[in-house]
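Colleague: I should like to learn how to read a model of this kind, from the whole chain down to single residues. May we take the features in turn?

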Amino acid sequence: MIVCVPSRGRPERLWAFIRSAMATDATCKFYIRVDDDDPCLSAYRERMDGLNIGPRVSVAEAMQEALRCHPDEDCYALIGDDTILHTRHWDQILSKAAGR
């Protein structure tokens, strides 16, 4: 499973999301998308490697990027950077609900 998480101007919310995801023992991969003109880009870069940085795009286009970069995943999801996850193994539950 790959989860697309677009973020703009809210690195602290992204960190809170990531902390919550890690606490749930999720095993999915994350496609974190940040715009190259984001005023907070340096803050994102300071705290995280592996960001997907590019020209400003819509949320739908960010999801399409994730699909193109990870075409062989069995399940795809889109989650906002302001989400706080609580359910343990939520990614496996979602994947199972999608019939994967």
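**Reading the fold from contacts to residues**

Modeller: Let us begin with contacts. In the protein chain, 70% of the contacts with a separation of 6 or more are between residues 24 or more positions apart. Please bear in mind that this is a predicted model.

Colleague: Which order do the elements of the protein chain follow from the N terminus on?

Modeller: They run β-α-β-α-β-α-β-α, and the totals are four helices and four strands.

Colleague: How does the radius of gyration of the protein chain relate to that of a compact globule?

Modeller: The idea is to compare the value with the one expected for the chain length. For 100 residues a compact globule would have a radius of gyration near 13 Å, and the protein chain agrees because its own value is 13 Å. The C-alpha trace spans about 40 × 30 × 20 Å along its principal axes.

Colleague: What share of the 100 residues is buried?

Modeller: Buried residues make up 40% of them. The accessible surface of the chain is about 5800 Å², and carbon and sulfur atoms hold 52% of that surface.

Colleague: How many positive and negative side chains does the protein chain have?

Modeller: There are 13 positive and 16 negative side chains, and the centres of these two sets lie 3 Å apart.

Colleague: How should one read the two sides of a strand?

Modeller: In a regular strand, side chains alternate between the two faces of the sheet. In strand 1, I2, C4 and P6 point one way, while V3, V5 and S7 point the other way, and all are buried.

Colleague: Why is strand 1 described as largely enclosed by the rest of the structure?

Modeller: Strand 1 covers residues 2-7, and six of its six residues are buried, so the rest of the structure largely encloses it. Strand 1 pairs with strand 2 (residues 29-35) in the parallel sense over six bridges. Within this pair, V3 stands opposite F30 of strand 2.

Colleague: Which residues does V5 touch, leaving aside those up to four places away in sequence?

Modeller: Among them are L14, F17, F30, I32 and I79. V5 belongs to strand 1 and counts as buried because its relative accessible area of 0% is under 20%. V5 and F17 are 12 residues apart in sequence, with 9.4 Å between their C-alpha atoms.

Colleague: Is S20 buried or exposed?

Modeller: S20 is buried, at a relative accessible area of 8%. S20 lies in helix 1 (residues 11-23) and touches T83, I84 and L85, residues up to four places away in sequence not being counted.

Terms used:
Residues numbered from 1 in each chain as written. Predicted model: local features only at pLDDT ≥ 70, side-chain atom pairs only at ≥ 80, totals over all residues. Heavy atoms only, no water. Helix = DSSP H or I, 4+ residues; strand = E, 2+ residues; numbered from the N terminus. Rg over C-alpha atoms; globule rule 2.2 N^0.38 Å. Buried < 20%, exposed > 50% of the residue type's maximum accessible area, 1.4 Å probe, protein only. Contact = heavy atoms within 4.5 Å. Areas by Shrake-Rupley, 256 points an atom, 1.4 Å probe, with all protein chains shown as cover. Lys, Arg positive; Asp, Glu negative; His and termini not counted. Charge placed at Lys NZ, Arg CZ, Asp CG, Glu CD. Pairing = 2+ DSSP bridges.
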